[in-house]
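The following exercises train the reading of a protein model. Please study the sequence and the structure before attempting each task.

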Amino acid sequence: MKRLGTYNGYNYYYNATWYAVRRFQASHHLKVTGNVDQKTWTKLGLGKKLFKQIDSYTAPLGAQAWKGRKAHIEAMIRLAYKYMGHPYLVGSSSMIRYGTDCSGLVIQSLYAGAPAGSARFRSAPSAMPTQATNGTPAIFGLIRS
């Protein structure tokens with residue numbers, strides 16, 4: 001939304017962003033839908049690979065398997081601190097630089113603190129970026145710079 005001048009501190013995909021996406025698509029000879037598809041995403045200068053991977057991030061383990069419970073808890077806390085100062089993105093569990101929401105922060109912290117060899121869990125993606133429409137939370141850091 002920052003790239004289109006519609007970011008106002010919230011990450012909701014409202015009318016201003018929808019119309020800005022439509023104008024951007026028209027000016028770049030893309031199919032005008034108001035929705036951010038992969039072609040729009042890449043024309044905005046965002047990585048093609050990132051389009052499908054931004055919300056599939058899994059934090060690396062922060063403690064070795066032989067370390068005790070305290071080390072694993074500290075790994076979770078260390079990772080949580082790394083997210084401080086980054087955007088709050090509704091419905092997101094992404095990389096630190098893009099931000100996350102509350103449950104995403106918990107999930108990424110659990111990934112970081114999970115003992116090696118334990119069953120690692122996966123969060124289900126909430127939606128693909130192409131499903132974002134007017135009024136939908138701008139998950140995955142859509143159109144963020």
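**Exercise 1. Confidence.** State how confident the predictor is in the protein, and where confidence is lowest and highest.

*Solution.* Begin with the overall value: this is a predicted model, and the mean pLDDT of the protein is 74. A value of 70 or more is reached by 70% of the residues. Next, consider the elements. Strand 2 (residues 136–137) has the lowest confidence, with a mean of 44, whereas helix 4 (residues 69–82) has the highest, at 90. Finally, the pLDDT is below 50 over residues 121–145; in the model this stretch has 80 contacts beyond near neighbours in sequence.

**Exercise 2. Composition and burial.** Determine how many helices and strands the protein has and in what order they run, and what share of its residues is buried.

*Solution.* The protein contains 5 helices and 2 strands. Reading from the N terminus, the order is β-α-α-α-α-α-β. Of its 145 residues, 39% count as buried. As for the surface, the protein exposes about 8200 Å², of which carbon and sulfur atoms supply 58%.

**Exercise 3. The length of helix 4.** Check whether the span of helix 4 agrees with its 14 residues.

*Solution.* First, take the expected rise of 1.5 Å a residue, which gives 20 Å for the 14 residues of helix 4. Then compare the model: the end C-alpha atoms lie 21 Å apart, which agrees with the expected span.

**Exercise 4. The two sides of helix 4.** Identify which residues of helix 4 are buried and which are exposed on the other side.

*Solution.* The buried residues include H72, A75 and L79. These three cover an arc of only 50° around the axis, and therefore lie on the same side of helix 4. The general principle is that an α-helix has 3.6 residues a turn, so residues three or four places apart point the same way. On the other side of helix 4, R69, K70 and Y81 are exposed. Helix 5 (102–113) is among what covers the buried residues of helix 4.

**Exercise 5. A residue of helix 5.** Decide whether S109 is buried or exposed, and name what S109 contacts.

*Solution.* S109 is located in helix 5. Its relative accessibility is 7%; because buried means under 20%, S109 counts as buried. Leaving aside neighbours within four places in sequence, S109 is in contact with M76, L79 and A80. One of these, L79, is also among the buried residues of helix 4. In addition, the side chain of S109 reaches the backbone oxygen of M76 at 3.5 Å.

Terms used: Residues numbered from 1 in each chain as written. Heavy atoms only, no water. pLDDT = per-residue confidence, 0-100. Helix = DSSP H or I, 4+ residues; strand = E, 2+ residues; numbered from the N terminus. Contact = heavy atoms within 4.5 Å. Expected span 1.5 Å × (residues − 1). Buried < 20%, exposed > 50% of the residue type's maximum accessible area, 1.4 Å probe, protein only. Arc of directions from axis to C-beta. Areas by Shrake-Rupley, 256 points an atom, 1.4 Å probe, with all protein chains shown as cover. Polar contact = N/O pair within 3.5 Å; in protein donor to acceptor, adjacent residues only side chain to side chain.
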